[in-house]
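Me: Could you walk me through reading cysteines and strand pairing in a model like this one?

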Amino acid sequence: MSPRVQAVRVGYTDETFVPDPRPPLTWKTATGLPGWSQRAADVSVTRAGVTSTVTLDGPDSVLVDWPFEPLAAGESATVRVRVHGVDGPASAWSADAPVTAGFLSGWRARFVGSGAEEPQLLRGTFAVRGPVRRALLHSTAFGAYDVHVNGVPVDDAELKPGWTSYQWRLSLDVADVTEHLVAGANTLGVVLTGGWYTERYGFRDAARRFYEGAPAAAVQVTLEYEDGSVETVVSDERWSWAPGPVVSASLYQGETYDARREEVDAGAWSAVELIAVPDVTPAPRTLPPVRVVERLPVERVLTTPGGKTVLDFGQNLVGRVRIRVRGERGHTVTLRHAEVLEDGELGTRPLRNAAATDRYVLRGGGAEVWEPRWTFHGFRYVEIDGWPGEFAAEDVTAAVLHTDMPRTGGFTTSHALLQRFHDNVVWGMRGNFLSVPTDCPQRDERLGWTGDIQVFAPTAAFLYDCDAFLRSWLDDVTLEQTAAGGVVPMVVPAVIPQVPGLFQPVAAWGDAITVVPDVLWERFADRDVLRRCFEAMAAWVDVVHARAGSTLLWEEGLQFGDWLDPDAPPERPGDAKTDAGIVATAYFQRSAALTAKAAALLGRDTDARRYTDLAARVADAFRDAYVTPRGRMMSDAPTAYALALAFGLAGDGQRQALGDRLRELVRAAGYRITTGFVGTPVICEALASTGHTDAASRLLTQTECPSWLYPVTMGATTVWERWDSMLPDGSVNPGQMTSFNHYALGGVADWLHRRVAGLAALEPGYRAVHVSPTLLDDLDDASAWHETPYGPARAGWRREGTRVHFHAEIPPNTRGVVDLPSGRRYEVGSGTHRWVEEHPRPVSVRRPLGLGSSLATIVDDPRAYRAVLDAIRGIDASRADAFRRTTRWRTGRALREPLDKAPVEILAAVEEALALLPPT
């Protein structure tokens with residue numbers, strides 16, 4: 001029963017090398033003792049054979065300040081922890097957690113390359129003159145690269161060094177290469193391609209390079225000999241280059257690889273050039289690298305109507321494929337990738353200018369295995385052309401790529417469609433968290449749109465340990481924002497200057513600088529990110545304040561508003577029902593409030609008072625301009641109500657009226673989605689918090705288009721960009737912007753985690769856990785798990801007849817506050833807890849229904865609603881579809897009104913169908 005310390009982490013990731021001299025410490029305690037809490041912790045560090053120990057009083061165990069002298073450049077140490085509980089015995093010491101300072105005392109390497117954009121091999125040699133105690137390799141590139149020592153790759157990272165705002169920040173990779181060295185001559189080899197550095201950004205014919213210059217790599221090896229001497233080896237003008245087997249490589253267009261060029265003739269090597277690059281000193285990478293995290297087999301082999309061979313992997317994923325092939329020397333195998341099929345053929349139209357095509361030229365002479373390394377694609381389907389001989393599905397596998405973050409959360413339910421939807425949310429995040437948080441991974445875009453991550457960050461922070469990932473991206477946001485005079489660009493890195501408005505303030509997009517740091521504080525207890533981002537948060541709010549002027553209403557300038565409202569035309573995705581000024585002013589108030597909150601947490605009292613006052617005045621202006629005294633929004637659309645409720649903008653006595661009107665609008669739309677990017681993540685929360693859980697449940701489980709579950713019924717395995725990216729007839733949406741892997745509309749998963757299953761952080765980092773499950777009439781059960789910084793937490797419920805069984809698991813060194821649907825509240829300590837309550841499903845008596853019945857009554861009765869549609873469809877399917885799409889299901893209107901021009905036979909069929917319904 002004694003507590004055990006486990007999972008000691010030094011820094012923000014589980015990587016061995018840390019970028020900071022004072023990395024924070026986190027540890028978890030496992031124990032069967034109920035209600036266990038930490039009274040103190042002993043932390044020990046061993047460095048250069050000397051051990052020192054400090055005792056830290058109190059319960060802190062998450063991102064604890066480094067309590068020792070700072071680490072020196074390249075220094076290695078081990079850390080261990082022992083905890084003392086308020087009651088009971090102390091733990092044993094934890095296992096040693098190794099750590100090495102990844103930063104350098106001086107960067108001396110030169111950036112070298114061929115001077116051309118094409119992929120290339122670089123080579124340098126050095127001599128090892130004696131026994132080596134340790135050799136650390138620091139490397140980076142303006143481009144994408146890999147390093148080999150004596151022909152052996154130094155790590156399993158992909159597309160290094162990743163994508164940052166290269167003009168200001170470049171990541172440095174670190175590896176211990178001691179085991180790869182030999183006495184005497186050694187060779188450093190680099191494969192260098194353009195990666196994000198030479199990519200052409202922009203839409204269709206407007207695509208241009210953003211970063212200037214040829215790709216270049218730099219390598220520095222620090223040799224520490226056993227005799228105590230140190231030698232540094234660097235890339236410089238003595239290195240040489242040669243063309244390699246990678247003929248071309250583009251993230252968008254794909255890779256061409258000629259295996260005949262793998263053996264490079266000695267005469268092919270030429271002297272490198274010293275490449276002019278941005279004046280940036282590389283700094284150690286602060287997030288995990290991109291890795292191959294999973295491999296999937298082919299699920300089906302299809303032959304298209306045009307006779308093409310297409311492989312279906314059964315899952316829309318991001319990565320590439322590996323092939324095993326035999327054939328004649330010089331024969332070419334071509335692989336084309338896409339997310340969907342259209343008219344039975346590979347659906348490449350949504351890719352726009354991204355060719356997403358890989359080519360392999362065989363060297364001949366036996367089995368050959370190849371996998372592209374310098375590109376990635378978003379795909380489910382791969383068309384294979386030119387396969388030599390008989391094709392076998394086992395000769396191809398798919399490699400799944402993303403930043404290697406630990407999985408930390410999940411959601412389960414027996415509702416099969418909802419479970420698949422949540423699985424799709426997870427896959428969407430995986431595909432778009434690749435070095436930076438992108439909007440989509442497949443077409444000629446793949447950019448760090450700030451609005452997408454702003455709405456999805458709460459969901460992301462539950463599903464994966466993405467603190468380090470988003471901290472890194474926020475570093476680029478603050479750099480880009482500083483260069484833009486306080487404006488947060490709509491895309492970071494900001495590589496599409498030709499797009500109008502890139503550096504204009506845009507609500508819900510620019511607000512990422514206030515929202516994302518707050519999410520990292522709430523979910524990971526990361527106070528440092530607030531400190532690093534505070535000036536940027538304040539600058540953004542000040543920019544918006546200046547734009548809003550004395551009215552405090554942000555109604556001017558470019559806005560995306562409630563982007564991709566389902567009622568917007570395909571070619572005009574910003575034409576939302578909700579006025580853009582309402583969206584912008586609501587976000588202005590939210591960002592001011594979050595900036596005030598951060599100021600208070602950081603002890604910046606003057607700033608806290610200033611932004612608190614500003615937030616209050618913006619809220620008053622919002623209500624005066626947009627909310628009537630009786631609780632109607634001047635823009636009578638669901639997103640307007642949802643934002644007012646979710647952001648706390650309702651005045652005294654208005655909240656319930658706003659919620660009631662939102663419920664009416666949701667019903668009037670037939671419980672189908674009527675919100676876009678900004679309304680969708682919060683609409684269920686807004687409904688449930690004002691007593692309309694039934695409406696939230698119907699909205700969540702709706703399968704008609706538009707809805708969250710409609711794509712699932714169409715075979716989706718990721719979340720789509722548009723509610724109707726694929727139309728019911730199987731054709732692709734005709735708009736020029738259609739992606740089948742966008743995570744933004746999956747932001748509702750945060751509500752599933754926090755409110756439906758009921759697992760939320762009551763205090764930052766889950767030091768206190770709030771368990772508050774919401775019973776939905778359309779679900780039999782729901783549960784969630786989350787690996788908090790303190791350990792595993794769980795919550796959920798399941799029905800057994802009229803009884804509902806609730807469970808919660810609270811991690812050691814935390815406490816729980818449990819609010820059950822009956823209104824009972826419990827305060828519990830760590831451990832597993834269970835409760836049972838009586839909650840029979842509501843049973844309503846169905847009164848006789850007919851053409852005179854209220855439309856609201858019909859739509860609130862799923863069987864009656866289905867009976868009406870089926871009756872119409874049995875006679876005229878097109879009329880049934882039009883009736884479904886256009887009818888507004890309001891109280892005070894009879895069913896006969898929208899059917900007033902229907903043929904008599906349809907009216908008779910509807911009356912008969914309703915008359916046949918049972919009384920309950």
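**Cysteines and a central topic: strand 34**

Reply: Let's start with Cys533, which counts as buried because its relative accessibility is 3%. Keep in mind that this is a predicted model.

Me: How many disulfides does a search of the whole structure find?

Reply: The general idea is to look for cysteine sulfur atoms within 2.5 Å of each other. Here, searching the whole structure turns up zero disulfides. Cys533 is in none, and its nearest cysteine sulfur, in Cys466, sits 14 Å away.

Me: Why is there no bond for Cys684?

Reply: Its closest cysteine sulfur belongs to Cys705, and at 17 Å that is too far for a bond. As for burial, Cys684 has a relative accessible area of 0%, so it's buried.

Me: Okay, on to strands. Is strand 34 largely enclosed or open, and why?

Reply: In a regular strand, side chains alternate between the two faces of the sheet. For strand 34, residues 396-403, seven of the eight residues are buried, so the rest of the structure largely encloses it.

Me: Which strands are joined to strand 34 by bridges?

Reply: Strand 25 (residues 290-297) is one of them: it runs antiparallel to strand 34, with seven bridges between the two. Strand 27 (residues 309-325) also runs antiparallel to strand 34, through five bridges.

Me: And which residue in strand 34 is the bridge partner of Arg295?

Reply: That's Ala399. Now look at Arg320: its bridge partner in strand 34 is Ala399 too. So trace Ala399 in the viewer, and you'll find Arg295 and Arg320 as its bridge partners.

Conventions
Residues are numbered from 1 along each chain as its sequence is written. This is a predicted model: local features need pLDDT of at least 70, side-chain atom pairs count only at pLDDT 80 or more; totals for chains, interfaces and linings use all residues. Side-chain values use heavy atoms; hydrogens and water are left out. Buried means under 20% relative accessible area, exposed over 50%, partly exposed in between (1.4 Å probe, protein chains only). Helices (H or I, at least four residues) and strands (E, at least two) are DSSP runs, numbered from the N terminus. Two strands pair if DSSP finds at least two bridges between them.
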